[in-house]
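Visitor: I'd like to go through this one and ask how each label was earned. Could you put it up on the screen?

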Amino acid sequence: MPEFLLAACMFVLAMVALGLVRIVRGPNVAERLMAAQLLGTGGIGALLLLGAATGDASLVDVSLTLALLAAFASVAFAKAAAASTPDRADPGSGE
Amino acid sequence: MIEALNIGLALLVLALGAWTVVARDTFAATAGFLAYGLLLTLVWVQLHGVDVALTEAAIGGGLTGALLIRAAAKLRKTETAARAERPGAPTRLVAALASAAVTVALALAVLALPDPAPTLAPEAMANIAATGVGNPITAVLLAYRSMDTLLEAIVLLFALIGVWSLAPDRVWGGRPGPLNRVDPNGILAYFARVLPPIGIIVGIYIFWIGADLPGGKFQGATIIAAMWLLTIMAGLTDVPPVSRTWLRVLLVLGPAVFIAVGAAGALWAGAFLGYPDGFAKPLIIVIEAALMPSLALVLALLLTGAPERAAA
Amino acid sequence: MSAVLDVFTFAAVTAGAFFYLAGTVGLLRFPDSLTRLHALTKADNLGLALVVLGLLPRVDSVLAGLKLVAIWLLVLLAGAAASQLIAQTVIRRRPEP
Amino acid sequence: MMDSAILFGLCASALVGLGVYGLIVNPQPLRKILAFNVVGSGVFLLCGAIARRGAALGLGGDPVPQALLITGIVVAFSATALAVAVLLRLFDETGSATLTADAPEAPTSEAGAK
């Protein structure tokens, strides 16, 4: 079972890593936020799977902290995005 | 299989670090930095530093990301002008060579690390019973090297004084940050009502288990600071003016208690910051409980920045 | 009994991993911001939910199980809030129809 | 088989190099702060790799460097906050956020008052 959980952990990580292409490609702030959020969710999932695979119960606490702070950071990012792009195109993108 | 995971993690971290450095858009770079902090958390877990992973999860990604993104949003208009100042190819080449030299030197040092590795783990474990705590990292932070922790708490205060002293005269001692006007029935306000109660419980829990398991006051204080900042961002509460007396008392309470216990140690235990026999654990708890609110407050106020509005 | 639970963990975690795959594919392949957001929420809600569900039989204490469920609820709540805020920035930048 | 401490130690060396490069070539101060954080995390990771090698007595790593790393991460945050505050004040004063003396004047300085 630990091997399976470790493999699942790596699979989830690989998936969210692919999603990170959206941070590079954009084209908008929204896509970058989505990719970061997907990584947050995936990172938490991967951490839980890793903790179950290695039997380290304290990783659940790390996931809990990550869940709270990722939520805080997502909201801060979305708010900053809304504040910095009022009704105009993103100058840093090829929109 | 664990090697494959480690190699994948290392490559991902490098890719995100590179993106943070080379991205054209600062906003995109900061989003990359947030993801980078998250992956570093996983790296710390793989390096068996769960305490450090907790700190990285709380501060490295979360707080630092929020701090930088606010600044990036504010400075957005200067982006185009600043991009024109990008140095030419010769400078970039020299910079690339210099950084490559740094990397090679460090990599050689890593490969030449002594074997067997020097370690203080046996010494740390040999005396841990005397401190009464079960987590060796907490023992280091509050018994073996408590001087470092005290100085750190004071450094944080000095940084905050530095930030506050950047306020223009007309808002001296006023409220940091812009006024947040948010729809009181919107999702953000709802979220900021539901999350903090849970977050505060988790913060105290992480603080409390720090005596015996990975966790502790820094991580707990960061979570609580983030929850307070969330209610501020949602417009539910406002940052108090920095000249308020209660605020300043709360800020210095932690370091003051720490110094008082240290001075008492000089009298009764024979050394500054020494603990009398059998009193180590209760004194550590007193210091941690006093430090935690001060740390939460100082971290949150560092993030909100210099005063921008008059105190009235 | 433990073999049944192992099969349960296996099935739920596999299904969860599938939703992460679906979320990533959607984020990369869907044509515009709002549909991408739609794909992302599947990974958020279902991917992590199934992983948590699959790990629940393996916890060694009630507290650990509660923490797992709490993590999922937190991510669900945060995902909903952040998705709405992201959607607001998308809608704001769209030209009037 | 590669030791994870060595692997992440090499990764950390590369991160420090990347950060130094960004610190030199990025003209924007905010990007320099970001790059500086990359350097910082690289240095922390390097110490973490060294701590990992000191694993003994059932501990996953040497607790002394690990504890000091926690201190370091918190202090790095406070330094970043101070640097960002200085930068924002510079922007409020001059309307631009560059370090060169004869910087091109940014169109408005209204953004700070928003």
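Guide: Let's start where chain B meets chain A. This is a predicted model, and in it the two chains bury about 4,100 Å² between them, with carbon and sulfur atoms giving 86% of that. Met1(B), Leu38(B) and Arg76(B) supply 15% of the area chain B buries there, more than any other three residues. As for residues taking part, chain B brings 51 and chain A brings 42.

Visitor: What makes Asp25(B) and Arg32(A) a salt bridge?

Guide: Their closest N and O atoms are 3.7 Å apart. The cut-off is 4 Å between a side-chain nitrogen of Lys or Arg and a carboxyl oxygen of Asp or Glu, so the pair qualifies. The count between chain B and chain A is 1 salt bridge.

Visitor: And how many salt bridges are there across the interface of chain D and chain B?

Guide: The rule finds 0 there. The buried area between those two chains is about 7,500 Å², and carbon and sulfur atoms give 78% of it. Chain D puts 79 residues into the contact and chain B puts in 87. Of the 5 pairs of chains that touch, B and D have the most contacts.

Visitor: How do you know that chain C and chain D do not touch?

Guide: Contact needs heavy atoms within 4.5 Å, and no such contact links chain C to chain D. Their nearest C-alpha atoms are 18 Å apart.

Visitor: What is chain D made of, in terms of helices and strands?

Guide: Chain D has 3 helices and 0 strands, running α-α-α from the N terminus. Buried residues make up 61% of its 114 residues. Its accessible surface comes to about 4,200 Å², with 66% belonging to carbon and sulfur atoms.

Visitor: Why is Cys11(D) not in a disulfide?

Guide: The closest cysteine sulfur, in Cys47(D), is 14 Å from that of Cys11(D), which is too far for a bond, because the limit is 2.5 Å. Searching the whole structure gives 0 disulfides over all chains. Cys9(A) is no exception: the nearest cysteine sulfur, that of Cys11(D), is 17 Å away.

Visitor: Why are Cys9(A) and Cys11(D) called buried?

Guide: Buried means under 20% relative accessible area. Cys9(A) has 2%, so it counts as buried, and Cys11(D), with 4%, therefore counts as buried as well.

Visitor: Then why is Pro57(C) called partly exposed?

Guide: Its relative accessible area is 29%, and partly exposed runs between 20% and 50%, so the label fits. Pro57(C) lies in the loop between α2 (33-55) and α3 (62-93) of chain C. Leaving out residues up to four places away in sequence, Pro57(C) touches Leu5(C), Phe8(C) and Thr9(C). The C-alpha atoms of Pro57(C) and Asn45(C), 12 residues apart along the chain, are separated by 20 Å.

Visitor: What makes Ile259(B) eligible for a nonpolar surface patch?

Guide: Patch members need over 30% relative accessible area. Ile259(B) has 38%, so it passes, while still counting as partly exposed. Ile259(B) lies in helix α12 (residues 245-268) of chain B. Together with Met147(B), Leu151(B) and Phe272(B), Ile259(B) makes a nonpolar patch of about 350 Å².

Key:
Residues are numbered from 1 along each chain as its sequence is written. Chains are lettered from A and ligands numbered from 1 in the order in which they are written. This is a predicted model: local features need pLDDT of at least 70, side-chain atom pairs count only at pLDDT 80 or more; totals for chains, interfaces and linings use all residues. Side-chain values use heavy atoms; hydrogens and water are left out. Buried means under 20% relative accessible area, exposed over 50%, partly exposed in between (1.4 Å probe, protein chains only). Patches are made of residues with over 30% relative accessible area and no salt bridge: like charges are joined within 9 Å, nonpolar side chains (Val, Leu, Ile, Met, Phe, Trp, Tyr) within 5 Å. Accessible areas come from the Shrake-Rupley method with a 1.4 Å probe; for residues, only the protein chains shown count as cover. Helices (H or I, at least four residues) and strands (E, at least two) are DSSP runs, numbered from the N terminus. Buried area is the accessible area (1.4 Å probe) that two parts lose on being put together, summed over both.
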